[in-house]
Amino acid sequence: MIRYLFLFMIGACFGSFAECMASRYASFDTYFGRSRCDHCGHKLAFRELVPVFSFLFSKGRCAYCAGKIPASCLLSELFAGMGLCMIAEKCGRGTEFFAYAAFFGVSMFLALCDRKTMTVPAAGLVLCVLAGILRRAKTGIDAQEIFLDVMAGAGWIILCLAESRIFHRESAGIGDGFYLAAAGLALSGRIAAGGLIAGSFIGITECLVSGRRKIPFLPSLAEGLFLVWIWKG
Ligand SMILES: [Zn+2]
């Protein structure tokens, strides 16, 4: 129980960190420096940085200017905390645990960036690939296996390029293709394909429920991958 409480708090810290980094990416701010209130710029003290609890105790408002802290901050912390417990439950500890935690942690950052700007930073995609290489460190790297695992992502990228060529417009979705290829490397080709199908259902459901015609796809894809990986992988 204490182990899971500890893991939950570590995960929640990463969720808070991912949210902060995604906000900085969206506002073209530097990734470095201490966390500040978005409204008054007040630098946050340690007691204002405790995940989940700080939000609840301050009732979601800045202690200095009473500006509203978005509820998405609390949700990111809760999801990341629960997510890390589920990853630990599935694969214990060791290199695999770190590789999967890194992959899904960076996925969360990319999903938040995509939600805020409809684009993702290339550096995040590179980190996903590194998580994939770390996961394979023990089993060794087999070229044929890797080719099959990244096929779904590569196919997606080729379709995007063909679409932009035929319809003469800027190719959307190439970032999603690279992410899918990285997911194949970090999880496996079968999970990437299953996650793509599950993610499509999640995305379509979100369109129907929200009534919006255009939504960022990477968040749905990341959710689909996590569900399929937890259930099957
Ligand atoms: Zn403030």
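**Exercise 1. Place valine 52 and leucine 74, and say how each is packed.**

Step 1. Valine 52 sits in the loop between α1 and α2 (53-57). The model is predicted.

Step 2. Check the backbone of valine 52. Its phi is near 60°, a positive value in a residue other than glycine.

Step 3. Classify valine 52. A residue needs 20 or more other C-beta atoms within 10 Å to be buried, and 12 or fewer to be exposed. Valine 52 has 18 other C-beta atoms within 10 Å, so it is partly exposed.

Step 4. Move to leucine 74. This residue belongs to helix α3. Leucine 74 has 20 C-beta neighbours inside 10 Å and therefore counts as buried.

Step 5. Link the two residues. Leucine 74 touches Val52 and Phe55, leaving aside residues up to four places away in sequence. The C-alpha atom of leucine 74 is also 9.2 Å from that of phenylalanine 53, with the two residues 21 apart along the chain.

**Exercise 2. Find where methionine 118 lies, and classify it as buried, partly exposed or exposed.**

Step 1. Methionine 118 is in the loop between α4 and α5.

Step 2. Its phi is near 65°. That is a positive value in a residue other than glycine.

Step 3. Count neighbours. Methionine 118 has 14 other C-beta atoms within 10 Å, so it is partly exposed.

**Exercise 3. Describe how α1 packs on α3.**

Step 1. Take the geometry. The axes of α1 and α3 are 7 Å apart, and the helices pack at an angle of about 135°.

Step 2. Name the arrangement. Angles over 145 degrees count as roughly antiparallel, and 65 to 115 as roughly perpendicular. The angle between α1 and α3 fits neither class, so the two helices are oblique to each other.

Step 3. Give the hand. α1 passes α3 in a right-handed crossing.

Step 4. Locate the contact. From α1, the residues include Tyr4, Leu7, Phe8, Gly11, Phe14 and Gly15. They are among those that meet a set in α3 including Ser72, Cys73, Phe79, Ala80, Gly83 and Leu84.

**Exercise 4. Do the same for α3 with α4, and for α8 with α10.**

Step 1. Start with α3 and α4. Their axes come within 10 Å and cross at roughly 155°. That makes α3 roughly antiparallel to α4.

Step 2. The crossing of α3 and α4 is right-handed.

Step 3. Read off the contact. Ser76, Ala80, Gly83, Leu84, Ile87, Ala88 and Cys91 come from α3. Glu96, Phe97, Tyr100, Ala101, Phe104, Met108 and Leu112 come from α4.

Step 4. Turn to α8 and α10. Their axes lie 10 Å apart, at an angle of about 15°. The two helices are therefore roughly parallel.

Step 5. α8 and α10 also make a right-handed crossing. In α8, the contact uses Gly175, Asp176, Tyr179, Leu180 and Ala183. In α10, Leu218, Leu221 and Leu225 take part.

**Exercise 5. Work out how domain 1 meets domain 2.**

Step 1. Set the bounds. The domain assignment gives domain 1 (1-91) and domain 2 (93-233).

Step 2. Their centres, taken over C-alpha atoms, are separated by 24 Å.

Step 3. Count the contact. Domain 1 gives 17 residues and domain 2 gives 14 residues.

Step 4. Look at the domain 1 side. The elements that give two or more residues there are α1 and α3. The largest share, nine residues, comes from α3.

**Exercise 6. Trace the largest nonpolar core and place it relative to the domains.**

Step 1. As background, nonpolar side chains tend to be buried together in soluble globular proteins.

Step 2. The largest nonpolar core here has 50 residues. Tyr179, Leu180, Ala186 and Leu225 have the most contacts inside it.

Step 3. List the suppliers. Helices giving at least two residues each include α1 (2-26), α3 (71-91), α8 (174-186) and α10 (218-231). The largest share of this core, twelve residues, comes from α4.

Step 4. Place the core. Domain 1 (1-91) and domain 2 (93-233) both give residues to this core, so it lies between them.

Step 5. Look around tyrosine 179. Leaving aside residues up to four places away in sequence, tyrosine 179 touches Leu110, Leu125, Cys128, Leu218 and Leu221. Leu218 and Leu221 also belong to the α10 side of the α8 contact.

Technical notes:
Residues numbered from 1 in each chain as written. Predicted model: local features only at pLDDT ≥ 70, side-chain atom pairs only at ≥ 80, totals over all residues. Core = buried A, V, L, I, M, F, W, Y, C linked by C-beta atoms within 7 Å. Helix = DSSP H or I, 4+ residues; strand = E, 2+ residues; numbered from the N terminus. Domains from an automatic or database assignment. Contact = placed C-beta atoms within 7 Å. Axes fitted to C-alpha atoms, helices over the stretch in contact; angles between N-to-C directions. Parallel < 35°, antiparallel > 145°, perpendicular 65-115°, else oblique. Left-handed = near helix turned anticlockwise from the far one by under 90°.
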